[in-house]
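Please find below my notes on the model, set out as numbered points. They begin with a cut-off that the later points rely on.

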Amino acid sequence: MTVEREVLSDSEQPAEVPTAVLVGYVLAGVGVFGWFLFGWLVQQQGFIASVGESAGAAFALLLGVSVIASIRRGGR
């Protein structure tokens, strides 16, 4: 069995992700995890409720990132 592989030239290489973006993603992940721990341990609202609330916050962050990326790419 063979697999055909396309080789990209130097101009077609995917762009690297800037360090600031990676730091932002890490901070967002830490923030969502902190929100989960805050709801579960400080507010004592239950494990499942805390998971749901932090998942909702994470999806809201992802939606915001998607909208901002769409607006930024719309001008190109």
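1. In what follows, a residue is called buried when its relative accessible area is under 20%, exposed when that area is over 50%, and partly exposed in between. The structure is a predicted model, and the remarks below should be read with that in mind.

2. On the overall fold, the protein chain contains 2 helices and 0 strands. Buried residues account for 7% of the 76 residues in the chain. The area that the chain exposes comes to about 6,800 Å², and 66% of this is supplied by carbon and sulfur atoms.

3. A point that deserves attention is the nonpolar surface patch of about 790 Å², to which Trp35, Phe38, Trp40, Leu41, Val42, Phe47, Ile48 and Val51 belong. Two elements, helix H1 (19-42) and helix H2 (47-74), give two or more residues each to this patch, and H1 gives the most, with 5 residues.

4. Two members of the patch can be looked at one by one. Ile48 is placed in helix H2, and Ile48 counts as exposed because its relative accessibility is 66%, which lies above the 50% cut-off. Val51 is likewise found in helix H2, but with a relative accessible area of 35% Val51 is partly exposed. The C-alpha atoms of Val51 and Gly39 are 8.7 Å apart in space, while the two residues are 12 apart in sequence.

5. How many aromatic pairs does a search of the whole structure find? The search returns 5. In one of them, Phe33 and Phe36 form a tilted pair, with 6.1 Å from centre to centre and 35° between the planes; the tilted label applies because stacked planes are under 30 degrees apart and edge-to-face planes over 60. Phe33 and Phe36 both lie in helix H1, where a spacing of 3 residues puts them about one turn of the helix apart.

6. The two partners of that pair should be described separately as regards solvent cover. Phe33 has a relative accessibility of 48% and therefore counts as partly exposed, whereas Phe36, with a relative accessible area of 11%, is buried. Phe33 and Phe36 also belong to one aromatic cluster together with Trp40 and Phe47. Trp40 and Phe47 are in addition among the residues that make the nonpolar patch.

7. Turning to pockets, the largest one has a volume of about 420 Å³. Its lining consists of 11 residues, of which Val21, Tyr25, Ala69, Arg72 and Arg73 are the closest to the pocket centre. Both H1 and H2 supply at least two residues of this lining, and H2 gives the most, with 5 residues.

8. Where does Gln44 lie? Gln44 is located in the loop between H1 and H2, and the backbone there merits a comment, since Gln44 has a positive phi of about 50° although it is not a glycine. As background, most residues other than glycine have a negative phi. Is Gln44 buried or exposed? Gln44 counts as exposed because its relative accessibility is 64%, and the cut-off for that class is over 50%.

Methods: Residues are numbered from 1 along each chain as its sequence is written. This is a predicted model: local features need pLDDT of at least 70, side-chain atom pairs count only at pLDDT 80 or more; totals for chains, interfaces and linings use all residues. Side-chain values use heavy atoms; hydrogens and water are left out. Helices (H or I, at least four residues) and strands (E, at least two) are DSSP runs, numbered from the N terminus. Buried means under 20% relative accessible area, exposed over 50%, partly exposed in between (1.4 Å probe, protein chains only). Accessible areas come from the Shrake-Rupley method with a 1.4 Å probe; for residues, only the protein chains shown count as cover. Patches are made of residues with over 30% relative accessible area and no salt bridge: like charges are joined within 9 Å, nonpolar side chains (Val, Leu, Ile, Met, Phe, Trp, Tyr) within 5 Å. A salt bridge is a side-chain nitrogen of Lys or Arg within 4 Å of a carboxyl oxygen of Asp or Glu. Rings of Phe, Tyr and Trp (its six-membered ring) pair if their centres lie within 6.5 Å; planes under 30 degrees apart count as stacked, over 60 as edge-to-face and the rest as tilted. On a 1 Å grid over the protein atoms alone, a cavity is a set of points where a 1.4 Å probe fits but cannot get out, and a pocket is an open set with protein on both sides within 12 Å along at least five of seven lines; lining residues have an atom within 4 Å of a point. Grid points are joined across faces, edges and corners, and a volume is the space filled by probe spheres set on the points.
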